[in-house]
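This report describes a protein model in plain terms. Please keep the sequence and the structure in view while reading.

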Amino acid sequence: MGDLIVSIDIGTSNVCTLIGRVNNYTQLDIVGRGITPCNGLKKGVIVDIDSTAASIRDSIEKAELTANMRVGSAYVNIHGMHVNVINNTSQLNIDGNEITRHDIENILHEVSSIEIPEDRQLIDVIPRQYIIDGYDEIIEPAGMVGTKFEVDADILTGKITSVQNIIKSMERAGVQIDGIVAEAFATGEIGLTQDERDIGVVLLDVGGSVTDVSVFHAKRLVFYDTIPVGGDHITNDIAIGLRITNVEAEKIKRQFELALTSLIKNDQEISVMDINENKKKDVKVSEVVEIIEARVYEIFSLCKNMLDKAGVVVPDNGSVVMTGAGISYVDGCKQLANEVFELPVRTVQAGQIQGVSKPEYIAAAGMIKYVSNVKKGASHATEIKLKKPATKKKEVAFFSKLVQFFKDIF
Ligand SMILES: Nc1ncnc2c1ncn2[C@@H]1O[C@H](COP(=O)(O)OP(=O)(O)OP(=O)(O)O)[C@@H](O)[C@H]1O
Ligand SMILES: [Mg+2]
C-alpha cells in the first residue's frame with residue numbers, strides 16, 4: 001500500500017483537496033475529499049491571498065472530515081502560464097564504481113544548475129531517465145555499476161510572484177507544502193494513455209477562467225501554456241447576449257449542457273429575466289446554444305493558434321484529449337474540437353477513474369497519481385481516533401524530504 005498523499009488543486013472556480021494513495025494494484029484509493037468555491041484568483045492568478053487561503057482551509061477541513069484525518073502537508077498545483085519546463089541532461093564519471101545516493105544527488109544538482117531568469121525560481125527537477133554506459137531508460141540507478149552516468153531531466157521553473165503567492169496562500173491556510181506540481185504532469189498522468197503520450201497528444205484543460213494547453217510527444221511534455229479563457233466566458237457571453245444576470249446565465253448553461261445547435265432535439269422557448277427592462281421574456285434554447293457554440297469554438301481556435309504560433313506540430317496519427325469542468329459536462333465539444341484540430345478527440349471520463357466522481361476532481365486525483373508514480377513522495381496526514389475522552393493521533397505516513405533547492409525557496 002502506497003503512502004498517503006494530499007493534493008490541493010487551486011482553481012479559479014474551486015479549490016479541491018483529495019487525500020489518497022495509489023494502492024498495490026496501481027489503483028487510486030481516495031479516502032478524503034473536499035471542494036470549496038474560490039474567489040481569490042483572476043485569470044489563473046492569485047489576486048487575493050486571504051480569500052484563497054480561506055478556500056484552501058475550507059476544502060482541507062471538508063477532506064479531513066470525510067477521511068477522519070488531520071492534514072499537515074500537501075502537494076499543490078501550478079498552471080502552465082506560470083511555469084517553464086526545460087529539458088536538460090548532465091553526466092558524471094563514476095570510474096566503474098557503484099552508483100550511490102550521493103552520486104544521484106550530485107547529478108540532479110548538476111542538471112538543475114541552469115541559468116534562470118531573474119523573475120523565475122526553480123520549483124522542481126524531475127529525472128525522466130538515467131543512462132549508464134549507453135543503457136537508457138533506467139529509473140533507479142542506485143547500486144548499479146558503470147563508467148559514464150547520465151541523467152535526462154525536466155527542470156521546472158516558475159514566476160517568483162506566482163510561486164510565492166501559492167506558498168503564502170498555503171501557509172496562511174496552515175498547511176505545509178510537500179511540492180509544487182505543474183498541472184499538466186498531473187492531468188497527463190491520469191488522463192492520458194502511454195500510447196497517446198508517445199504518439200503525440202494535445203491535452204486541453206478547460207477550467208473556469210483559463211484553459212491549460214499541453215502537448216506530449218515521445219512520452220515528454222513538449223509544450224505547456226495557458227490561454228486566459230475558460231467556462232466562465234461562456235457564461236458571460238450568455239449573460240451579455242441574452243441581457244440576463246451571470247447567475248441566471250450559469251444556471252441555463254448547466255441546464256442544457258449543449259454546445260452544438262445540430263444536437264438540439266426539439267427547440268423550445270424558455271423564460272428569462274431581462275436585466276435592462278426588468279421583465280420576463282422568452283428566448284429559444286437554440287439562441288443559448290448558438291452562443292455557447294461560438295465561444296467553445298473560439299476557445300479551441302485560440303488554443304490551436306497558440307500551438308501554430310509556437311510551431312508545435314502534432315503528428316497526423318496524434319489526438320486531442322479534453323478535461324476540465326468548463327467543457328466536460330457540455331455535449332458537442334468533441335465535435336467542435338475535432339473541427340478545429342482535425343484530429344480524433346476524446347474527453348477524460350471522471351466516472352471511469354477509480355475514486356473520482358466529478359471532472360472537478362481530476363486534476364487533484366492526477367496529482368496523487370503523479371506524486372506516487374513519478375515523485376515517489378508522500379504527505380503528512382494523521383488519523384484521528386475518535387475514542388473518548390482524549391483524541392489520539394496516529395502517524396500513518398510521513399515524508400518530509402524535499403530536494404534542497406525546493407527548501408531554499410521558503
Ligand atoms: N454542469 C455544468 N455544465 C457546464 N459548465 C459547467 C458545469 N459545471 C461546471 N461548469 C463550468 O466549469 C467551469 C469550472 O471548471 P473547473 O472546476 O475545471 O475550473 P477550476 O479548475 O476551478 O478553474 P481554472 O482551472 O480555470 O483555474 C466553470 O466555468 C463552470 O461554469
Ligand atoms: Mg482547473
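The sections below cover the cores, a buried strand, an open sheet, a helix pair and the cysteines of this predicted model.

## Nonpolar cores

The largest nonpolar core is made up of 65 residues. Within this core, the residues with the most contacts are Ile8, Ile19, Leu28, Ile56, Met170, Val175 and Val356. Helix H11, which spans residues 362-375, supplies the largest share of the core, seven residues.

Val175 shows how parts of the chain come together here. Apart from neighbours within four places in sequence, Val175 is in contact with Ile8, Ile60, Val71, Gly72, Ser73, Ala74 and Met170. Two of these partners, Ile8 and Met170, are also listed with Val175 among the residues with the most contacts inside the core.

A second core, separate from the one above, holds 47 residues. Among them are Ala259, Val288, Cys333 and Leu336.

## Strand S7 and its partners

Strand S7 covers residues 73-78, and six of its six residues are buried, so the strand is largely enclosed by the rest of the structure. Ser73, Tyr75 and Asn77 point one way from S7, whereas Ala74, Val76 and Ile78 point the other way. Residues on both faces are buried.

S7 pairs with strand S1 (residues 5-10) in the parallel sense, over two bridges. In this part of the structure, Ile8 stands opposite Val76 of S7. S7 also pairs with strand S12 (residues 176-182), again in the parallel sense, over six bridges. The bridge partner of Ser73 in S12 is Gln176. Ser73 is also in contact with Val175.

## The open four-stranded sheet

Four strands form an open sheet in the order S8-S11-S9-S10, and the pairing is antiparallel. Which strands stand at the edges? They are S8 (83-93) and S10 (135-138); each has a single partner strand, so one side of each is left without a neighbour in the sheet. From one strand to the next, the twist averages 35°.

Strand S9 (residues 120-132) and strand S11 (residues 148-159) are joined by eleven bridges in the antiparallel sense. One bridge partner pair is Ile126 with Asp154, the latter in S11. Helix H3, residues 160-172, packs on this sheet and touches S9 and S11. The direction of H3 makes about 80° with that of S11.

## Helices H8 and H10

Helix H8 (residues 285-309) packs against helix H10 (residues 333-341) at an angle of about 35°. The axes of the two helices are 9 Å apart, and their crossing is right-handed.

On the H8 side, the residues that meet H10 are Glu293, Val296, Tyr297, Phe300, Ser301, Cys303, Lys304 and Leu307. The H10 side consists of Cys333, Leu336, Ala337, Glu339, Val340 and Phe341. Of these, Cys333 and Leu336 are included in the second core.

## Cysteines

How many disulfides does a search of the whole structure find? The result is zero. Why is Cys16 without a bond? The closest cysteine sulfur, in Cys38, is 10 Å from the sulfur of Cys16, which is too far for a bond. A disulfide needs the two sulfur atoms within 2.5 Å.

Cys38 is likewise in no disulfide, and the nearest cysteine sulfur to Cys38 is that of Cys16. Cys16 counts as buried because its relative accessibility is 2%. Cys38 is also at 2% relative accessibility and therefore counts as buried. The cut-off for buried is under 20%.

Technical notes: Residues are numbered from 1 along each chain as its sequence is written. Chains are lettered from A and ligands numbered from 1 in the order in which they are written. This is a predicted model: local features need pLDDT of at least 70, side-chain atom pairs count only at pLDDT 80 or more; totals for chains, interfaces and linings use all residues. Side-chain values use heavy atoms; hydrogens and water are left out. A nonpolar core is a set of buried Ala, Val, Leu, Ile, Met, Phe, Trp, Tyr and Cys residues joined through side-chain atoms within 4.5 Å. Buried means under 20% relative accessible area, exposed over 50%, partly exposed in between (1.4 Å probe, protein chains only). Contact means heavy atoms within 4.5 Å. Two strands pair if DSSP finds at least two bridges between them. Axes are lines fitted to C-alpha atoms, for helices over the stretch in contact, and angles run from 0 to 180 degrees between N-to-C directions. A crossing is left-handed if the near helix is turned anticlockwise from the far one by less than a right angle, and right-handed if clockwise.
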